[in-house]
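User: I would like to learn how to read a fold from its model. Can we go through it feature by feature?

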Amino acid sequence: MMSKGERVMSKGERAKSAREKIRAQQAAERAREQRKRVVTYMTVGVVAVAAVGLGAWYAASKSQAELAGDTAPTTVQSDGSVVMAKSGVAKPVIDIYEDFQCPACKQMEEVSGSTFRNLAAEGLAKVVYHPITIFSTEPTKGNSVRAGAAARCLTDGKQWLAFHDLLYKNQPSETVEGFKTDQLVTWAKSAGATAAGIDTCITGQKNAQAQLDYSAKVNKEQKLQGTPTVKLNGTAMDNNVVFTPKDLRDAVTKAAK
């Protein structure tokens, strides 16, 4: 029952109020769904499937990216993996399985890359990068193979890391041909790679087959479900931890005790 003096809403006003409530509810639901979405690159064989929304998810994270500090000694291995660790540090081991064409890998690097490097520099972990190719269709497969093969041409650890960062900084869209060999040569030189033969190694894609072979081997042995995949002492870490620097640091520090 209305109190004395209370105005009766017209039919049009009641309809407008109802529409506004519905729009508000829909907006709230969209916000909840956006927070829940995470980009993952799932591989069935070597087929990659992407969901949308990781950018919004990690940007909303309460944990900020760490400032980069010193870099631990970095060594390029003969199989194409790259080890970053202080002398005498053998564990815990952080294995990072990444694809230079994978947008989620780029975003992981942006938010947690400095944490991985800081942990290695502080002697709290041995970090091992595994650049692989997860894509099976073009143009993403070709982009990934060219970038991975080019990275294998750099044998100096410091230069490899700089090139690694440039690849993510210049990552092409998944819908276009990118990571062209002339670009890769330019970025390699920007990373400090001036060794004889670096140009022909990249332009000739000397390491393309090695990149594909290593990718197939790693996918089979590690039973990867996608990239990025980060394993701590052989156990896959939850992406919620990987994309939250504070939680990532806490998990690794705990494993180091």
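**Reading the fold**

Analyst: Start with burial. In this predicted model, 44% of the 257 residues in the protein chain are buried. The chain exposes about 13700 Å², and carbon and sulfur atoms supply 53% of that area.

User: How many helices and strands does the protein chain have?

Analyst: The protein chain has 10 helices and 9 strands. Contacts then tell how the chain is linked along its sequence. Of the contacts with a separation of 6 or more, 74% are between residues 24 or more positions apart.

User: What is the strand order in the open sheet?

Analyst: Read a sheet by order, pairing and edges. This open sheet has 6 strands in the order β3-β4-β6-β5-β8-β9, and the pairing is mixed. Its edge strands are β3 (74-76) and β9 (235-236), each of which pairs on one side only.

User: In which sense do β5 and β8 pair?

Analyst: Strand β5 (residues 93-98) and strand β8 (residues 229-232) are antiparallel, over 4 bridges. To fix the register, look for residues that face each other across the pair. Here aspartate 95 stands opposite lysine 231 in β8.

User: Which strands does helix α8 lie across?

Analyst: Helix α8 (residues 208-222) lies across β5, β6 (126-131) and β8. The helix runs at about 120 degrees to β6.

User: Now the interior. Which residues have the most contacts inside the largest nonpolar core?

Analyst: The general idea comes first. In soluble globular proteins, nonpolar side chains tend to be buried together. In this model, the largest nonpolar core has 45 residues, and Ile94, Phe116, Tyr129, Leu154 and Phe163 have the most contacts inside it. Helix α3 (residues 103-121) gives the largest share of this core, 7 residues. A second, separate core has 7 residues, including Ile132, Ile134, Val218 and Leu224.

User: What does isoleucine 94 touch?

Analyst: Leave out residues up to four places away in sequence. Isoleucine 94 then touches Phe116, Leu119, Ala125, Lys126, Val127, Val128, Val230, Lys231, Leu232 and Val252.

User: Let us end with a charged side chain. Is arginine 117 buried or exposed?

Analyst: Compare the relative accessible area with the cut-off. Buried means under 20%. Arginine 117 has a relative accessible area of 13%, so it counts as buried. Arginine 117 is found in helix α3.

User: Which residues does arginine 117 touch?

Analyst: Beyond residues up to four places away in sequence, arginine 117 touches Asp70, Met84, Glu109, Tyr129, Leu161, His164 and Asp165. Tyr129 is also among the residues with the most contacts inside the largest nonpolar core.

Terms used. Residues are numbered from 1 along each chain as its sequence is written. This is a predicted model: local features need pLDDT of at least 70, side-chain atom pairs count only at pLDDT 80 or more; totals for chains, interfaces and linings use all residues. Side-chain values use heavy atoms; hydrogens and water are left out. Two strands pair if DSSP finds at least two bridges between them. Helices (H or I, at least four residues) and strands (E, at least two) are DSSP runs, numbered from the N terminus. Contact means heavy atoms within 4.5 Å. Axes are lines fitted to C-alpha atoms, for helices over the stretch in contact, and angles run from 0 to 180 degrees between N-to-C directions. Buried means under 20% relative accessible area, exposed over 50%, partly exposed in between (1.4 Å probe, protein chains only). Accessible areas come from the Shrake-Rupley method with a 1.4 Å probe; for residues, only the protein chains shown count as cover. A nonpolar core is a set of buried Ala, Val, Leu, Ile, Met, Phe, Trp, Tyr and Cys residues joined through side-chain atoms within 4.5 Å.
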